[in-house]
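Got the viewer open? Let's take a walk through the model, one selection at a time.

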Protein chains: 2
Amino acid sequence: MSEIPIAALVLARGGSKGIPLKNIVEIQPNQTLLARALHTIRQSGVFNAMWVSTDHEQIASEAARHGATVFARSATHAQDHSSSLAATQEFLHAHPEINHFALIQCTSPLLRADYLMQAAHQVRAFTDNAMGMMPSCAFSVVRSYKLRWRIADTLNGRLQAINFDPMARPRRQDWDGELVEAGMFYFSQRQLVMDMGIFQSEWCTVVEVDEQDALEIDSVRDLTLARVLIDME
Amino acid sequence: MSEIPIAALVLARGGSKGIPLKNIVEIQPNQTLLARALHTIRQSGVFNAMWVSTDHEQIASEAARHGATVFARSATHAQDHSSSLAATQEFLHAHPEINHFALIQCTSPLLRADYLMQAAHQVRAFTDNAMGMMPSCAFSVVRSYKLRWRIADTLNGRLQAINFDPMARPRRQDWDGELVEAGMFYFSQRQLVMDMGIFQSEWCTVVEVDEQDALEIDSVRDLTLARVLIDME
C-alpha cells in the first residue's frame, strides 16, 4: 500500500465559551485535553506531521511542548460562529503541500490510537484503489439502535415513527442499527475541503467506534465523566 | 381535568445477565435502583397505585419495603428473551380494573418526578379531549442533533446521509433535531397493550427529557457513571 503522507490537524481556539480555554483544561493529573490528543496522534504512528491551529498563546505553547507545529489561526476564523471548515480552509490555503489530512477533535478524550490507524489504513487503501481519481475520506461513527420519532402534526401532536414500524418494534438483535457521526475525527482531502466545501463525501469510509468512547467535552459535567472513565480504563 | 387513575408498574425480574440482580444493586449508599425508582414514583404524586412485577423473592421484599404492591411474575415471562410487552399483558390480564398505567424502568436512575408529572398531565388532558374515544399514551424522548448515515452500497462502501444534506450540514441552531426514545417510561392504556400489542401509537404525546438524564444502566460502567452523576446533583 502507498504510504501517502497524512497530516494531523487539531483546531484549538482560545475563546471557548462553556469551559474557558477548554483545550488546555486538565483531563488527568498533568495532562491537558490537547496534550492527550497529541499523545494519541503520535502513538498511532500514521501521520507525517502534527499541526495545531490556534489563536491563543497558552494553547500554542502547550501544543509546541507536546511536539506539534503551531499554525497561527487568524482572529477572523476563531470566533464563536467560526466553522471548522473555514478554519481548515485557512490552514490548507497556507499549506499547499498538504493533500491528505485528518481533523482531530481534542474534545473527544477517549479517542484511541487504533481508531486513527484504522482510518488511515482505509484512506490509503482507497487512494490506491481509486488511483488518486477520487478524494478519500473517513470518519468516526457509533452504531445506534435508538428508535426515532418526529412530530408529524404539531397542532394535534400526532407522531410518526422515523426508523421503524411501531406495530413491530425491532429488537436490537433484529437489525443493524444506524451509523451516527461521533465527531472524533475527519480524514479528508484538500480537494473536498477547498473545492467542494465539505469534509465528507458519500464515498467516505467509516470507522465504527465504541459508543462508550464517543464522549465529547462540552460542559464541566462531561469533564468529570471523562475523568472517571479514563480512571476506569 | 379528570383525575383518571393511573397505576405505576415496574418490571423487575431476577435473572438479569450483565449485572446480577441489577434492580436491587445499590446506586447510592442504602438506596437500590428499585427503591430509587419507587421513591421518584411516589414523589410525583400522580399515581393511585404502585406495582412491581417480579419473579424473585429478594426483589419482592425490597419492593414491599418501599411501599409497592408485588405482582408475582410467572417464570414464563421472566426469561432473557421475555418482552416487556408480554410481562405487561400478563399483569393487565390479572388486573382487569387497571385501564391507564405507566411502565417505568428502574434502570433509568436519573428519572425525575416532574417528567412523570408532565406525562400524567398530558395523558389526562388527552383523555379529557378525546372523551375516552382513543387510547392515550406518552413516553420520554431526548432531542438529538446527531447526523446519521447508512451504508448504501456494502460492496463499494458508498454512504448515504439519512437526515441531512452533506453539502450543507446543518448547525445545531439551524434545525429542530429529532426525537429519540429515551426508554424511561411508557404511559399507556389497556386497549393498546391487550388489543394491539403495543405501548405507543402514533397518537402519543412525548415528554422531552434532558439528554443528561437519559442514562440507562446496562453495565457496571453505567452504574459507576450514574453514581457520579447523582453525587453531582
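Before the first stop, a word on burial: a residue is called buried under 20% relative accessible area and exposed over 50%, with partly exposed in between (1.4 Å probe, protein chains only). Cys137(A) is buried by that rule, with a relative accessible area of 2%.

Two housekeeping notes. This is a predicted model, where local features need pLDDT of at least 70 and side-chain atom pairs count only at pLDDT 80 or more, while totals for chains, interfaces and linings use all residues. Residues are numbered from 1 along each chain as its sequence is written, chains are lettered from A and ligands numbered from 1 in the order in which they are written, and side-chain values use heavy atoms, with hydrogens and water left out.

**Stop 1: the disulfides**

Keep Cys137(A) selected and add Cys204(A): the two form a disulfide (a pair of cysteine sulfur atoms within 2.5 Å), with their sulfur atoms 2.0 Å apart. Look along the S-S bond and you'll find a left-handed link, at -120°. The pair joins distant parts of the chain, 67 residues apart. Cys137(A) sits in the loop between helix H4 (113-130) and strand S7 (138-144), and Cys204(A) in the loop between helix H5 (190-196) and strand S11 (205-208), all in chain A. Helices (H or I, at least four residues) and strands (E, at least two) are DSSP runs, numbered from the N terminus. Cys204(A) is buried too, at a relative accessible area of 0%.

How many disulfides does the structure hold over all chains? There are two, so hop over to chain B for the other pair, Cys137(B) and Cys204(B), whose sulfur atoms are 2.0 Å apart. The link of Cys137(B) and Cys204(B) is left-handed as well, with -120° about the S-S bond. Cys137(B) is in the loop between H4 and S7 of chain B and Cys204(B) in the loop between H5 and S11, so this pair ties together parts 67 residues apart in sequence. Cys137(B) counts as buried at 3% relative accessibility, and Cys204(B) at 0%.

While you have cysteines on screen, select Cys106 in each chain. Cys106(A) is buried at 3% relative accessibility, and Cys106(B) is buried with a relative accessible area of 3%.

**Stop 2: inside chain B**

Next, select helix H3 (residues 84-94) of chain B. Which of its residues are buried? Ala87(B), Thr88(B), Glu90(B), Phe91(B) and Leu92(B) are. Turn on their neighbours: these buried residues pack against strands S1 (6-11), S4 (49-54), S5 (69-72) and S6 (100-104), plus helix H5 (190-196), of chain B.

**Stop 3: two loops with a positive phi**

Most residues other than glycine have a negative phi. Go to the loop between S1 and strand S2 (26-28) of chain B and pick Leu21(B). Its phi is near 45°, a positive value in a residue other than glycine. Then move to Asn30(B), in the loop between S2 and strand S3 (31-32) of chain B. Asn30(B) has a phi near 65°, again positive without being glycine, and it counts as exposed at 74% relative accessibility.

**Stop 4: the two chains together**

Now show both chains. Chain B can be laid on chain A with an RMSD of 0.0 Å by a turn of 180° and a shift of 0.0 Å along the axis. That is the relation of a two-fold axis. The superposition is by least squares on the C-alpha atoms of residues with pLDDT of at least 70 in both copies. To find the axis from chain B, select Leu225(B), the residue of that chain that comes closest to it, at 3.4 Å (C-alpha).

Colour the contact (heavy atoms within 4.5 Å): 42 residues come from chain B and 42 residues from chain A. The copies meet through the same surface, because 100% of the interface residues of chain B are also interface residues in chain A.

Chain B and chain A bury about 4,000 Å² between them, 58% of it on carbon and sulfur atoms. Buried area here is the accessible area (1.4 Å probe) that two parts lose on being put together, summed over both. In chain B, select Trp149(B), Glu202(B) and Arg221(B): these lose the most area to chain A, together 19% of what that side buries.

**Last stop: charges across the interface**

Eight salt bridges cross between chain B and chain A, each a side-chain nitrogen of Lys or Arg within 4 Å of a carboxyl oxygen of Asp or Glu. One of them to select is Glu181(A) with Arg169(B), the closest N and O atoms being 2.8 Å apart. Finish on the elements: strand S8 (148-153), strand S9 (158-161), strand S10 (178-189) and helix H6 (220-232) of chain B each give two or more residues to the side that touches chain A. H6(B) gives the most, with seven residues.
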